[in-house]
Amino acid sequence: MTSTSIWMDVHIMPNTESLVGETECDVAVIGSGIAGISTAYELCKRGKSVIVIDRGRIAGGMTSRTSAHLAPLCDDLVSEMVSIKGLEATTLFCDSHAAAVDRIEEIQKNENIDCDFRRLDGYLFQGRGMPADIIEKELGAVREVGAPVDRLMGVPFSGCESRQVLRYPRQAAFHPLKYLAGVTKACQKNGATFLANSPVEEVGEKDGTVTVKTARGVIRAKYAVVATNSSISDRFAIHTKTAPYRTYVMAFEIERGALPDALYWDTEDPYHYVRLQPGPGQTDFVLVGGEDHKSATADDADTRFGKLETWARDLIPALGKETHRWSGQVLETVDYAGFIGRDPGGSNIYVAMGDSGQGLTHGVMGAMLNTGLILGEDHPWKDLYAPGRIPLKAAKNFVAENTTAIKSFAEYVASGEIGSLGELKPGHGAIVRRGLEKIAAYRDSSGGLHLNSASCSHVGCHLHFNSFETCWDCPCHGSMFDVDGCPINAPAIGPLGEVKE
Ligand SMILES: Cc1cc2nc3c(=O)[nH]c(=O)nc-3n(C[C@H](O)[C@H](O)[C@H](O)COP(=O)(O)OP(=O)(O)OC[C@H]3O[C@@H](n4cnc5c(N)ncnc54)[C@H](O)[C@@H]3O)c2cc1C
Ligand code: FES
């Protein structure tokens, strides 16, 4: 089965034009995922002229690969965040994500967006073989931050009747692309312009004007908001404080009513989750996900999907046939909070990145915060998410994540994964050494070779092939490239270096 998410059949603005020539606006928003579209919405509702520009199709990035839980509590555990950021900052974090869920609820209501939005309970349950004290510790931390929580015994899964459980009321779920289709329409009604298939090559700033350049045009604006998932405007400073993780999701059919509509997570590491999505007739979809790993450190998607399915079928015997499987990437930050606000290197350029597993609420909350800052307002969340902050208490995580880059550069002296290009089978990719050069080689199903440098065009980390997604993943800061070397995920802007056959 190829990688396709349950949301991807919703095409938002399929006939969007691309940028040609020169144009102007108050704010140029780069990236049309949930962060970019939400930013456009907040700004144009407050009277700003906005252009949203994307490298590919509208909302075709990580937002189309999400699992779409709207869960405001820190998904790396509230107790863990309190230990790094303290009680006050963690409380602010949870409040800000809860405000994002409220905002989504309000927008879908005000704009009449039919997107399956609903409030429901979330259950964190003791994973198989996991100690109960994780639940105990988490209960204490969640109570301390003032979020509603109850302690229960058991979730409605087979064999989980006596597991320790925390119930979080007023979580939510929705269909993210149906939601964004509605928000996009509302933006257009308020004068915003959307441009697709326009990779931004440069974001610059001079004399109070920001310029956003593509190969065929330029936008001049008073401000830019870089919402490219991993920032393209900051070359290194923020990137050293984040790390990309690949994560997997499967969808299965289930008879409506066989499982209560709720969000479920376990405490295993890596964790698993389950949620429902309304389907046609009397059928719903069960989304099952997890099995995360650091990007480009494993190429075993089939094994991970196999583990997810076994885990899910053991717990939910009513699970029907598989309908979709896909993977995507999230950016974990060293102190669990994202980076939102003025780019450390600019004065009129703002960023929103470091989504973690809560990138949807992060995107909506980032839109609220960046809009406030652009309009000159003070904001209580400003310092928590400040892109230039130095998270001293997270020094251990900072060092751990940055050894990835050191290990990656060390790979250039290792031999290739195969001895010669002749060994490469159709549909496979591998690293080949030729003299001092490392080549990212892919052979397509007709036998054609696609050769590129194995050095990431961002800052040069060593790439690895991802067989399931048929792309090259960078372990360092989130870039991904197609087999012809074109970037498909930021922060990379340029293509991979060319290599002659
Ligand atoms: C499998 C999975 C499950 C997840 N589950 C959840 C969940 O349950 N709850 C939750 O809150 N979050 C979840 N997340 C995280 C969340 O989905 C993402 O963090 C969020 O959608 C990211 O939104 P974004 O707008 O920042 O990025 P994107 O959606 O990736 O948008 C960025 C856009 O920028 C564009 N772009 C990049 N470079 C350029 C350039 N040079 N020029 C022009 N455009 C450019 C891209 O084409 C893209 O469209 C999950 C993520 C994954 C992968
Ligand atoms: S993403 Fe930074 S080096 Fe590849």
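A cavity here is a set of points, on a 1 Å grid over the protein atoms alone, where a 1.4 Å probe fits but cannot get out, and its lining residues have an atom within 4 Å of a point. The structure is a predicted model, in which local features need pLDDT of at least 70 and side-chain atom pairs count only at pLDDT 80 or more, while totals for chains, interfaces and linings use all residues. Residues are numbered from 1 along each chain as its sequence is written, chains are lettered from A and ligands numbered from 1 in the order in which they are written, and side-chain values use heavy atoms, with hydrogens and water left out.

**Exercise 1. Find the residues that line the largest cavity, and explain why this cavity lies between two domains.**

Step 1. A search of the whole structure yields five cavities of 30 Å³ or more, and the largest holds about 50 Å³ of space, a volume being the space filled by probe spheres set on grid points that are joined across faces, edges and corners.

Step 2. The lining of the largest cavity consists of Arg246, Tyr248, Ala296, Ala298, Asp299, Asp300, Ala301, His464, Phe465, Asn466 and Asp473. Strands S11 and S21 (464–466) are the elements that give two or more residues to this lining, and S21 gives the most, with three residues; strands (E, at least two residues) and helices (H or I, at least four) are DSSP runs numbered from the N terminus.

Step 3. By class, the lining divides into five nonpolar, two polar and four charged residues, where Ala, Val, Leu, Ile, Met, Phe, Trp, Tyr, Cys and Pro count as nonpolar, Asp, Glu, Lys and Arg as charged, and the others, Gly among them, as polar.

Step 4. Because domain 2 (116–172 + 242–331) and domain 3 (414–489) both contribute residues to the lining, the largest cavity lies between them; the domain bounds come from an automatic or database domain assignment.

**Exercise 2. Describe the surroundings of ligand 1, from its shell to its polar contacts.**

Step 1. Ligand 1 is surrounded by 37 residues, of which the closest are Asp54, Thr63, Ser67, His69 and Asp355; a residue is near a molecule if one of its heavy atoms lies within 4 Å of it.

Step 2. The shell around ligand 1 comprises 14 nonpolar, 19 polar and four charged residues, and at least three residues come from each of domain 1 (21–66 + 177–240 + 336–398) and domain 2. Helix H1 (34–45), strand S11 (242–255), strand S15 (322–333) and helix H6 (359–374) each supply at least two residues of the shell.

Step 3. For polar contacts (pairs of N or O atoms within 3.5 Å), a polar side-chain atom of Thr66 lies 2.9 Å from an oxygen atom of ligand 1, a polar backbone atom of Val200 is 2.9 Å from a nitrogen atom of the ligand, and a backbone N or O atom of Gly357 lies 3.1 Å from a ligand nitrogen atom. Taken alone, ligand 1 exposes 1,000 Å², and the protein buries 96% of that, with accessible areas from the Shrake-Rupley method with a 1.4 Å probe.

**Exercise 3. Locate the cis peptide bond from Asp269 to Pro270 and the positive phi of Arg170.**

Step 1. Most residues other than glycine have a negative phi, and most peptide bonds are trans.

Step 2. The peptide bond from Asp269 to Pro270 is cis, with omega near 0°, and Pro270 lies in the loop between strand S12 (263–266) and strand S13 (272–278).

Step 3. Arg170, in strand S6 (residues 164–173), has a positive phi near 60°.

How values were computed
A polar contact is a pair of N or O atoms within 3.5 Å; within protein, one must be able to donate a hydrogen and the other to accept it, and residues adjacent in sequence count only if both atoms are side-chain atoms. On a 1 Å grid over the protein atoms alone, a cavity is a set of points where a 1.4 Å probe fits but cannot get out, and a pocket is an open set with protein on both sides within 12 Å along at least five of seven lines; lining residues have an atom within 4 Å of a point.
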